[in-house]
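Visitor: I am new here and would like to know what lies behind the words people use for a structure. Could you walk me through it?

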Amino acid sequence: MRQTLFLFTLLAAFFGHSQEKYPKDYFRNPLGIPTILAGTFGELRSNHFHSGVDIKTQGREGLKIYAAADGYISRIKVAQFGFGKAIYITHPNGFTTVYAHISKYADKIQEYVKAIQYKKENYETGNLFFKPNQFPIKKGEVIAFSGDTGSSGGPHLHYEIRDTATEHIINPLFFGLNPIDTNPPLFQDLKIYPLNSNARINNKNKSTVISLNSIEKGQYKVGKITASGAIGFGVNVFDRLDKATNKNGIFSLEMLVNGKRFYYHDVETFSFPESKFINLLIDYPHYIKYKKKYQKTYKDDVNKLSIYKDLVNNGKLDILNGLNYNIEIIAKDYKGNASYLKIPIAGTENNTIFMQPADTTAYKIVAKNFYKFTEDNVTVAFPKNTFYEDLYLDFKVDKGVAKIHRPTIPLAKNFTLTFNVSKYSEAEKKQLYIANVKNAKYPRFQYTRKKDSTFYTTTKTLGNYALMSDTHKPKVNVLYFKDNQWISKRKTIKVKISDIGSGIKNYRATLNDEWILMEYNHKKRILTYNFSDKKLVGSKHIFKIVVSDNVGNTNTFSTTFFKKQVN
């Protein structure tokens, strides 16, 4: 009896401590509408995990955003891409909340930010840091308004909670944010991988995609599979919350082998530096080729993610001849809704029918070493540990195109790509830039550093690169009014800009020879100036804008309009 009571007390203390790890009632909903998510925490994104939750704003912009708790504004950043306009609030309980993609700040904050922008004559502010007494905030105070700025794919609020001291990001649902979710995750496909040259799956040394049979809601199975040697699994799976059609990420993934846990990970928390290892969690080559993400239920030795728990042999199975294995893969969302995938494996002899040919291309890479190769005026340099594992690298230059292996290999670091441009004239050099030419019709500009007879860039993406020439200046088109027109009722000036070559680098607009702030919506390619920024003097005004692309081609546009100050 005493032992039972002691065990009960111990468990109660443990679970009580677990519940107290994150305060459930400290933070309020940052919006004044029901919480419906367009994106979940830890969701698989391109080269990173999603670091917050995306809260739907009913397809609208301008909804009030409330401070989740008392604290002070510790940082503000306005950027063209990424979070767009963002605000960070540090709270006395050791956490920081982040609100991103907002359209504008509350009045006192907006006034401060605009003063900085006009002082710098730049839309982007960089990081602005504040002391606790500069912008104290109360729980429920309006701090901003929802929007679609930065790299947002539509109006929503990106919301994060971070540990202030460590900057580790934590799933906001642990703090009481409570979207409705009664649906289990949905398995789409199963993929099985031979993990060495001796392994076989259905008599082949080749990864195999297996179709699933849906038995009932949350229950899936596949037919019996024969295998031998070291194998691993990957699943294509997503979650769908109530009142939303978005394909969201799952919370946890688990694998049982004959009832014993061999693999488990969840997305409770992670750090920004480790996020790049997502490319080892997923089947990266498959994703690059087909844009479909398979989450692996085994861990590569070089994978430094902290999300794993209770791994047996890193989730890799060694299938023995004559033995049967009942594999069960379990996907759960944060609410505990679960889906189960059952996989029967029969261990067989290694009777090879198909085997992948060995890769023996020209350049042998040992991951821990530095390498530098040159072919036909093109040089590639790979720092130590650029690659996660050893490989044979394919590198050649064909008709001016540097073909650097395949983009299906994830990299841990940037490598440097250098072109010798000594054969070009100075005038030609000015128009040249390095581009990723994966899509020949739409070459993608790479930030190009120019030094005498060499141009170079750094990138983490293998593939095809070439020098491209851009001789076209950007296009500029003022919208909704013409030269010498009265526009007394207009509240804004809108300008559409575009470039068909290297892309827009910068712009500078003036009104009556004074710099004005124009916000750039790069998704619509529209710049907007709000007349409320400056008081107009007189009725005749000259608007001028200078737009440059990434090689220096410039278009200067000027127009005259008439407008009186409206109080």
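**Reading the labels**

Guide: Gladly! This is a predicted model. Let us start with Asp 301, which counts as exposed at 57% relative accessibility.

Visitor: Why is Asp 301 called exposed?

Guide: Exposed means over 50% relative accessible area. Asp 301 has 57%, so the word applies.

Visitor: What makes Lys 316 and Asp 301 a salt bridge?

Guide: The rule asks for a side-chain nitrogen of Lys or Arg within 4 Å of a carboxyl oxygen of Asp or Glu. Here the N to O distance is 3.9 Å, so the pair qualifies. Lys 316 and Asp 301 are 15 residues apart, both in the loop between strands S25 and S26.

Visitor: Why is Lys 316 called partly exposed?

Guide: Partly exposed lies between the cut-offs of 20% and 50%. Lys 316 has 21%, so it is partly exposed.

Visitor: How do you know that Ile 225 is buried?

Guide: Buried means under 20%, and Ile 225 has a relative accessible area of 2%, so it is buried. Ile 225 is in strand S21, and among the residues it touches are Ile 192, Ile 201 and Pro 344.

Visitor: What makes Glu 268 and Lys 21 a salt bridge?

Guide: Their closest N and O atoms are 2.9 Å apart, and the limit is 4 Å, so they form one. Glu 268 and Lys 21 are 247 residues apart. Glu 268 is buried because its relative accessibility is 12%, under the 20% cut-off.

Notes:
Residues are numbered from 1 along each chain as its sequence is written. This is a predicted model: local features need pLDDT of at least 70, side-chain atom pairs count only at pLDDT 80 or more; totals for chains, interfaces and linings use all residues. Side-chain values use heavy atoms; hydrogens and water are left out. Helices (H or I, at least four residues) and strands (E, at least two) are DSSP runs, numbered from the N terminus. Buried means under 20% relative accessible area, exposed over 50%, partly exposed in between (1.4 Å probe, protein chains only). Contact means heavy atoms within 4.5 Å. Lists of a residue's contacts leave out its neighbours within four places in sequence.
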